[in-house]
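The exercises below work from global descriptors to individual side-chain contacts and ask for each classification to be justified step by step. Please attempt each task before reading its solution.

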Amino acid sequence: MLHLNEQVRRTQGQGEKEAREELLAKVAAQDIELQVQRFARTAADAALRQYQADSAAAGEQAEVAAQAQLESLLGITQSTEIQLRKAWEAHRVSEDAAEELRMKLAAGEGQGV
């Protein structure tokens, strides 16, 4: 762009009106092109920021969903543990009852029943 401005200055000194107008048109076209490039960069930056914000929001949503899933699994695990403890306790009680019954039967056999 500086090169074109220099050419405009030279032609002004020579009085070539058409050449100056042509060069001014080139400078104006370059200025418009630069404005379009700036606009495109601004739009691209805005789109990138929006993408990053959307990605962050999606990541947060995924994290919340994963946390809910973990809490659900923890609840299931705790419930299963309680059920297993109850089953183990029932098994121990039945083993104790079976042992008591064996002892009674053995005592009864010893008495000739």
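**Exercise 1.** Decide whether K104 is buried, partly exposed or exposed, and then identify its salt-bridge partner.

*Solution.* The model examined here is a predicted one. The relative accessible area of K104 is 54%, and the cut-off for the exposed class is over 50%, so K104 counts as exposed. Turning to its contacts, K104 forms a salt bridge with E100, with 3.7 Å between the closest N and O atoms. The two residues lie four positions apart in helix 2, which means that about one helical turn separates them. For E100 the relative accessible area is 46%, and this residue is therefore partly exposed.

**Exercise 2.** Work out how E99 and R102 are placed along their helix, and assign an exposure class to each.

*Solution.* Begin with the contact itself, a salt bridge in which the side chains of E99 and R102 meet at 3.3 Å, N to O. Next consider the spacing: because E99 and R102 are three residues apart in helix 2, about one helical turn lies between them. Finally, compare the accessibilities with the class limits, under 20% for buried and over 50% for exposed. E99, at 38%, is partly exposed, and R102, at 49%, is likewise partly exposed.

**Exercise 3.** Characterise the salt bridge between E22 and K26 by distance, by helical spacing and by the exposure of K26.

*Solution.* The closest N and O atoms of E22 and K26 are 3.9 Å apart, and since the criterion is a separation within 4 Å, the pair qualifies as a salt bridge. Both residues belong to helix 2, which covers residues 17–110, and their offset of four residues corresponds to about one helical turn. K26 has a relative accessibility of 40% and is thus partly exposed. In total, the structure contains five salt bridges.

**Exercise 4.** Place these contacts in the context of the whole protein, and locate a nonpolar surface patch.

*Solution.* The secondary structure consists of two helices and zero strands. Of the 113 residues, 5% count as buried, while the accessible surface amounts to about 9700 Å², with 58% of that area belonging to carbon and sulfur atoms. On the surface, L70, L73 and I76 make a nonpolar patch of about 300 Å², and L73, one of these residues, is found in helix 2.

Methods
Residues numbered from 1 in each chain as written. Predicted model: local features only at pLDDT ≥ 70, side-chain atom pairs only at ≥ 80, totals over all residues. Heavy atoms only, no water. Buried < 20%, exposed > 50% of the residue type's maximum accessible area, 1.4 Å probe, protein only. Areas by Shrake-Rupley, 256 points an atom, 1.4 Å probe, with all protein chains shown as cover. Patch = residues over 30% accessible without salt bridge, like charges linked within 9 Å, V, L, I, M, F, W, Y side chains within 5 Å.
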